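Reader: I keep meeting labels for residues and contacts. Can we go through what earns them?

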Amino acid sequence: MHTVSLFPSLLDYQMLGVFLLRVTLGLIFVYFWYEKVFRQRAERIHFFEKLGMKPAVLYFALTAYTEGIAGVLLVVGLWTQGAAIATGTLMLLASIVKFFKPNALPRNTLEFYIILAVVSFSLLFLGAGAFAFDLSL
C-alpha cells in the first residue's frame, strides 16, 4: 500500500491525538472555572449585567459550573460527547459576544474562542480517545 503520509506508522496512534485534544480542552475549561469562581467573580457577574442578562448571579453560576463540570468530564473522559456539546455551545456563544462586543470579553481573542468551539465539536465525531471511560467498543 502506498501512502502520502510522512509518518504512516504514527497513524496507528490516532487515539492518543484525540486524548491530547480532550484532556487539554478539559484543563482549559477547569482553569476557566477556577478563574471565574475564585479570581473574577465580581467582574464576571458585572459582565452578565452589562449584557442585560438578569439575574446575573444565576447566569454566572450556570456558566462557571458548566465549564467546571464539563472540564472535569473531559479530563477523565466520561460523557465526553455531552461535555463537548456544553463547551462547544459556550464557546460559540462567547464567539458571538466577542464578535459583536469585543470589549465585553477582553482577556481572549475571537480566534481563541472559535478554536475551542471547533475542538469541542470535533470531539462529538472523534470520541473520547485513549484512556477514557467512554472508550468506543
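Reader: Why is Arg-39 called exposed?
Author: In this predicted model, Arg-39 has a relative accessibility of 57%. Exposed means over 50%, so Arg-39 counts as exposed.

Reader: What makes Glu-35 buried?
Author: Its relative accessible area is 10%. The cut-off for buried is under 20%, so Glu-35 is buried.

Reader: How do you know that Glu-35 forms a salt bridge with Arg-39?
Author: The closest N and O atoms are 3.1 Å apart. A salt bridge needs a side-chain nitrogen of Lys or Arg within 4 Å of a carboxyl oxygen of Asp or Glu, so the pair qualifies. Both residues lie in helix 1 (residues 14-39). They are 4 residues apart, about one turn of the helix.

Reader: Why is the contact of Glu-67 and Lys-36 called a salt bridge?
Author: The N to O distance is 3.0 Å. The limit is within 4 Å, so the name fits. This pair links distant parts of the chain, 31 residues apart. Glu-67 is in helix 3 (residues 56-76), and Lys-36 is in helix 1. Both Glu-67 and Lys-36 are buried.

Reader: What makes Glu-43 and Arg-107 a salt bridge?
Author: Their closest N and O atoms are 2.8 Å apart. That meets the 4 Å cut-off. Glu-43 lies in helix 2 (residues 41-50), while Arg-107 lies in the loop between helix 4 (80-100) and helix 5 (110-126), so the pair ties together parts 64 residues apart in sequence.

Reader: Why is Glu-43 called partly exposed?
Author: Its relative accessible area is 38%. Partly exposed lies between the 20% and 50% cut-offs, so the label fits Glu-43. Arg-107, at 46%, is also partly exposed.

Methods: Residues numbered from 1 in each chain as written. Predicted model: local features only at pLDDT ≥ 70, side-chain atom pairs only at ≥ 80, totals over all residues. Heavy atoms only, no water. Helix = DSSP H or I, 4+ residues; strand = E, 2+ residues; numbered from the N terminus. Buried < 20%, exposed > 50% of the residue type's maximum accessible area, 1.4 Å probe, protein only.
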